[in-house]
Amino acid sequence: MLVLVAPGQGAQTPGFLTPWLDLPGVEDRLRAWSDAIGLDLVRYGTKADAEEIRDTAVAQPLLVASALISSRQLFATPEDFAARVGAAAGHSVGELAAAALTGVLPDEAAMALVRKRGLAMAEAAAVTETGMSALLGGEPDVVLPHLEKLGLTPANVNGAGQIVAAGTAAQLAALAEDKPEGTRRVVPLKVAGAFHTVHMAPAVSVLETAVAELSAAAPHTRYVSNKDGAAVASGQEVVDRLVGQVANPVRWDLCMETFKELGVTAMIEAAPGGTLVGLAKRALPGVKTLALKTPEDLDAARELIAEHASPAAENSAG
């Protein structure tokens, strides 16, 4: 049983799209999306520095574009994807890539929506100086009360001993000085705001308007939601969850529990891969994993697909 996942914000690095532009048709597709959403994906993905691509309004479209470009190299058609992938999910903004890959939204609609999402979240983040920090190690029953005491939100419960706290700069500074018992490290993340918290409430309103005229199709492949790890069979519910998720915690731990229940044997993480594969190695022992970083990883990914592709009869989106 093969699962395909798409990474979230913080996975981007300067120049990470550069090698993908050597593939036939990729630059043309990126330029078409760039024109449609008013953002030069090619420049930001190849020439921009770390600070430029830390900007939420830039990072989010870049990540969805990269996930789509890299995944489309492996599956020629939606039917091909549906026949071989048992489930798909994305972490935070990666959910929009998963929605496109499972047929809920056309690629162009997903890119337009992620551009609006990025702009709205950047605007919400500008109201107060906020951010996010990853806590490595520690037990949830110790970490979560400690975060609550400091006024922080567990914005990402990632499993594998990782919880991401979000809140104001002052709250995060207090966390750095006062780690929960058992936590090895507190690592500030390369993001520009307290995503998946009440600080993002203004962005929810913007997205509710943005999706009002979208036509969502039922997913052709299981779509596993960040809200609660559930496999969602309704396209409209997927879209509704995409909107609400902006201000609610990401439960990646529950997504991985669902993968386990489904009998996952292999996971591929779309470019720029690495973060979700790292979590899976700790939380899903025995599952083969592969992170797409450059086109040089595609042949190994194809071999993994050939070995672990899900029989079509078992791949129901319901």
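1. The side chains of R84 and D80 form a salt bridge, with 2.8 Å between N and O. This pair belongs to a predicted model. Both residues are part of helix α5, which covers residues 78-84. They stand four residues apart, which is about one turn of the helix. The two partners may be compared by their exposure. R84 has a relative accessibility of 25% and counts as partly exposed. D80 has a relative accessible area of 18% and is buried, because buried means under 20%.

2. A second salt bridge joins E307 and K288, at 3.2 Å from N to O. E307 is in helix α14 (residues 298-308) and K288 is in strand β10 (residues 288-291), so this bridge ties together parts that are 19 residues apart in sequence. K288 counts as partly exposed, at 41% relative accessibility. Elsewhere, D228, E237 and R241 are joined into one network by salt bridges that share partners.

3. R72 and D107 also make a salt bridge, and their closest N and O atoms are 2.5 Å apart. The pair links distant parts of the chain: R72 lies in helix α4 (residues 56-72), while D107 lies in helix α7 (residues 107-125). The separation in sequence is 35 residues. R72 is partly exposed at 24% relative accessibility, whereas D107 is buried, with a relative accessible area of 13%.

4. The salt bridges should be placed in the setting of the whole chain. The structure holds twelve salt bridges. The chain carries 25 positive and 37 negative side chains. How far apart do the centres of the two sets lie? The distance between these centres is 3 Å.

5. The overall architecture can now be described. The chain contains 14 helices and ten strands. Its radius of gyration is 18 Å, close to the 20 Å that the globule rule gives for 318 residues, so the chain is as compact as a globular protein of that length. Along the principal axes, the C-alpha trace spans about 50 × 45 × 35 Å.

6. Burial and contacts add to this description. Of the 318 residues, 56% count as buried. Among the contacts with a separation of 6 or more, 74% are between residues 24 or more positions apart. The accessible surface of the chain comes to about 12600 Å². Carbon and sulfur atoms account for 52% of that surface.

7. V246 offers an example of a buried residue in a loop. The loop in question runs between α11 (235-245) and α12 (252-262). Is V246 buried or exposed? V246 is buried, with a relative accessible area of 0%. Leaving aside residues up to four places away in sequence, V246 touches R117, M121, F195, H196, T197, M200, A203, V204 and L207. One of these, R117, falls within helix α7 (residues 107-125). V246 and V198 are 48 residues apart in sequence, and their C-alpha atoms are 9.1 Å apart in space.

8. For a student inspecting the structure, three places may serve as starting points. The bridge between R84 and D80 lies inside helix α5. The bridge between R72 and D107 links helix α4 with helix α7. V246 is found in the loop between α11 and α12, and its relative accessible area is 0%.

Technical notes
Residues numbered from 1 in each chain as written. Predicted model: local features only at pLDDT ≥ 70, side-chain atom pairs only at ≥ 80, totals over all residues. Heavy atoms only, no water. Helix = DSSP H or I, 4+ residues; strand = E, 2+ residues; numbered from the N terminus. Rg over C-alpha atoms; globule rule 2.2 N^0.38 Å. Buried < 20%, exposed > 50% of the residue type's maximum accessible area, 1.4 Å probe, protein only. Contact = heavy atoms within 4.5 Å. Areas by Shrake-Rupley, 256 points an atom, 1.4 Å probe, with all protein chains shown as cover. Lys, Arg positive; Asp, Glu negative; His and termini not counted. Charge placed at Lys NZ, Arg CZ, Asp CG, Glu CD. Salt bridge = Lys/Arg side-chain N within 4 Å of Asp/Glu carboxyl O.
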